[in-house]
Structures are given as C-alpha cells and as structure tokens.
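The following exercises concern the model displayed below. Each task sentence is followed by a solution that proceeds in steps.

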Amino acid sequence: MEFNITEGQIGTRPPVVKPDPKVLEYLGEDGMRQLISDHYDLLRQSNIKGLFPPSDEGFALAKKHSADFFIQICGGTRHFDQSRGKPMMAARHAPFAITQEARRVWLESYIMVLKPHAMPDDLKQSFWNYLDVFSIWMMNTTE
Ligand code: HEM
C-alpha cells in the first residue's frame, strides 16, 4: 500500500472519513494504545518534540488523551468525551504552532509505525486516509 501525504492548505478543512471500525476490532483497545504510544515515542525523538509536554508524566498523559480519542473515533468507548469533553480538534491544536513541515514529521512518524505493523493493508489504508486528511485541519501557521 501507499502512504501518500496529500498537499493541504493551512486553514482548510477537507471532508474526513472516519477510520473503519474494523481497525479497532482488529487492534483492540490495548493494541490501539500501543500504536499511539509507539507514534508518540517517535515524536519525542523528532524535531517537533518541543510541541509536546517535556515531563514523563505529561507525555504519558498526552499519549492517553490521544489514544482515548482514536478509540472513540474508531467506534469504541467514548473515553475522550468522558475525560476531555467535546473533541473540537482544530481548536485544541490552536495553541501549538503546527506548520506544513510539522504535519509532515507527524505523519512520517505514523508511517514508521504503520509500515511494519501486522494490521491488514485495507485497515492500514483506512486509518492512514483518516490521518492524512484530518491532519490538514490541524495546521495553523506558516512559521
Ligand atoms: C489526524 C490528526 C490528528 C489527531 C486526530 C490528533 C489528536 C490529538 C488529540 C486527541 C490530542 C489531545 C487533546 C487534548 O487532550 O486536549 C492531541 C494533542 C496534541 N496534538 Fe494532535 N492530532 C492530530 C494531528 C496533530 C498534528 C499534525 C500535530 C503536530 C504536528 C499534533 C500535535 C499535537 C500536540 C502538540 C498536542 C498537545 C499535546 C499535549 O500537550 O497534551 N497533532 N492531538
């Protein structure tokens, strides 16, 4: 399969298709938490690590909130609504400077996690398509 990164303009919100619920059925909550944790561990070594909480506790919490969201968006338990409230993802990302380049690093870190993953390709594709398009919504600055 191809992990294409779609060109996206800052300030646009192209229509998003949620991941196939089979992604969560395949991974289970634990598998999803592991996948998100692996992604965050790569972010912490990347040149956008400065966007994320520096402390181990803060970083672990960031992983939890992200995994809560992905479980929910894949049709699972609404952990995110329960712990954080309405998603409003673009607004939640507004305090962080997310450039085209930061999005690229964020997506490439996901490619590193998804490529070797045992998940069937059609499920990877569905998950990827969601990440690719929805991440355009989070870009908010040119610098
Ligand atoms: C599909 C696209 C994305 C989704 C679904 C997503 C999801 C999330 C979620 C659920 C949170 C936690 C929000 C909260 O608890 O208040 C979060 C936080 C965050 N995200 Fe994203 N995100 C996406 C794209 C990005 C991109 C492209 C970047 C940067 C390149 C980014 C950087 C961050 C940062 C810096 C935080 C705050 C971490 C913290 O301090 O807790 N996100 N994201």
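For the residue classes, Ala, Val, Leu, Ile, Met, Phe, Trp, Tyr, Cys and Pro count as nonpolar, Asp, Glu, Lys and Arg as charged, and the others, Gly among them, as polar. Residues are numbered from 1 along each chain as its sequence is written. The model is predicted: local features need pLDDT of at least 70, side-chain atom pairs count only at pLDDT 80 or more, and totals for chains, interfaces and linings use all residues.

**Exercise 1. State the confidence of the model.**

Step 1. The term pLDDT denotes the predictor's confidence in each residue, from 0 to 100. Its mean over the protein is 97, and 100% of the residues reach 70 or more.

Step 2. For the model, ipTM is 0.96 and pTM is 0.97.

**Exercise 2. Describe the shell around the ligand.**

Step 1. A residue is near a molecule if its C-beta atom, placed from the backbone, lies within 6 Å of it. The ligand is surrounded by 21 residues, the closest being Ala 62, His 65, Phe 69, Trp 106 and Phe 134.

Step 2. Two or more residues of this shell come from each of helix H2 (56-73), helix H4 (89-93), helix H5 (100-114) and helix H6 (121-138). Helices are DSSP runs (H or I, at least four residues), numbered from the N terminus.

Step 3. By class, the shell holds 14 nonpolar, 4 polar and 3 charged residues.

**Exercise 3. Determine where His 65 and Trp 106 lie and how exposed they are.**

Step 1. A residue is buried if 20 or more other C-beta atoms lie within 10 Å of its own, exposed if 12 or fewer, and partly exposed in between, with C-beta atoms placed from the backbone.

Step 2. His 65 belongs to helix H2. It counts as partly exposed because it has 14 C-beta neighbours inside 10 Å. An unreviewed UniProt entry lists His 65 under "binding site"; such annotations may be inferred rather than shown by experiment.

Step 3. Trp 106 is found in helix H5. With 19 other C-beta atoms within 10 Å, Trp 106 is likewise partly exposed. Leaving aside neighbours within four places in sequence, Trp 106 is in contact (C-beta atoms, placed from the backbone, within 7 Å) with Leu 43, Ile 48 and Ser 135.

**Exercise 4. Analyse helix H6 and its residue Ile 136.**

Step 1. H6 has 18 residues and reaches 26 Å from its first C-alpha to its last, close to the 26 Å expected at 1.5 Å a residue. The expected span is 1.5 Å times one less than the number of residues.

Step 2. Phe 127, Trp 128, Leu 131, Ser 135 and Ile 136 are the buried residues of H6, and they pack against helix H1 (22-44) and H5.

Step 3. Ile 136 is buried because 21 other C-beta atoms lie within 10 Å. Leaving aside neighbours within four places in sequence, the contacts of Ile 136 are Thr 6, Gly 8, Thr 12 and Pro 14.

**Exercise 5. Which residue other than glycine has a positive phi, near 35°?**

Step 1. The residue is Met 88. Most residues other than glycine have a negative phi.

Step 2. Met 88 lies in the loop between helix H3 (79-84) and H4. It is exposed, since 10 other C-beta atoms lie within 10 Å.

Key
Two residues are in contact if their C-beta atoms, placed from the backbone, lie within 7 Å.
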